[in-house]
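Welcome! Here are some short exercises to help you find your way around a new structure. Try each task by eye before you read its solution.

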Amino acid sequence: MSRKLRFRGESDNKVDTKGRVSIPASFRRVLEAGDPAWTEGLHPEFVIVYGGVSRQYLECYTMQAIDEVDEKIEKLPRGSMQRRHLERMFSGQSVSSTVDETGRIVLPKKLRDKIGIDKTAFFIASGDTFEIWNPDTYNSVHEQEEAELDDLPEDFDPVIWLDQAPGE
């Protein structure tokens, strides 16, 4: 069984006036590995899901990861509310993108405006996807998430949650 590469790390990157921003180098390797059509010299493709009005970030999927999502959606009953909403989010409220030869992507103005990105974009890994945030929004949300942990015992170790994963 081959090892599936995962996104790891975080990075603040400058966005130019045309919306171009560098993707962290380690993220580019995962995008290449997750694009079955990619070979040396080609630009890896991926999908940016921007979702509905409540979504405060852009979620980026490798081609393999978005194919897995599409397969799950196709298993839902045609016409069901769940399928309709998921199709809108993952097909309608998304854009295909590529990484250029300099390791940059272009974030369309519509997407930059949606999440309030101006001069800097914050990238954070999320396993088989990565997210792009306005740095201030991310910091605010992250502070709220950290506050949730304040109610737990002082010696609590979140690693224990791994033992609660299905199949464990």
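Two strands pair if DSSP finds at least two bridges between them; strands (E, at least two residues) and helices (H or I, at least four) are DSSP runs, numbered from the N terminus. This is a predicted model, in which local features need pLDDT of at least 70 and side-chain atom pairs count only at pLDDT 80 or more, while totals for chains, interfaces and linings use all residues. Residues are numbered from 1 along each chain as its sequence is written, and side-chain values use heavy atoms, with hydrogens and water left out.

**Exercise 1. Trace the sheet and find its edge strands.**

Step 1: Start with S1 and strand S7 (residues 120-126), which pair in the antiparallel sense over five bridges. Here Lys14 stands opposite Thr120 in S7.

Step 2: Extend the pairing. Six strands make an open, antiparallel sheet in the order S1-S7-S8-S4-S3-S5. At its edges, S1 (10-14) and S5 (94-98) each pair on one side only.

Step 3: Look at the twist. On average, neighbouring strands of this sheet are turned by 25° against each other, direction ignored. Axes are lines fitted to C-alpha atoms, for helices over the stretch in contact, and angles run from 0 to 180 degrees between N-to-C directions.

**Exercise 2. Describe how H2 and H3 cross.**

Step 1: The axes of H2 and H3 come within 10 Å and cross at roughly 160°.

Step 2: H2 is therefore roughly antiparallel to H3 (the label for angles over 145 degrees; under 35 is roughly parallel, 65 to 115 roughly perpendicular and the rest oblique).

Step 3: Find the residues in contact (heavy atoms within 4.5 Å). Ile66, Val69, Ile73 and Glu74 in H2 meet Arg83, Leu86, Glu87 and Phe90 in H3.

**Exercise 3. Explore the largest nonpolar core.**

Step 1: Know the term. A nonpolar core is a set of buried Ala, Val, Leu, Ile, Met, Phe, Trp, Tyr and Cys residues joined through side-chain atoms within 4.5 Å; buried means under 20% relative accessible area (1.4 Å probe, protein chains only).

Step 2: Pick out the best-connected members. Of the 22 residues in the largest core, Leu58, Ile105, Leu107, Phe123, Phe130 and Ile132 touch the most other members.

Step 3: See which elements contribute. Helix H1 (25-33), S3, S4, helix H4 (109-115), S7 and strand S8 (129-133) each supply at least two residues of this core. H1 gives the most, with three residues.

Step 4: Zoom in on Leu58. Not counting residues up to four places away in sequence, Leu58 touches residues including Ile48, Leu107, Leu111 and Phe130.

Methods:
Buried < 20%, exposed > 50% of the residue type's maximum accessible area, 1.4 Å probe, protein only.
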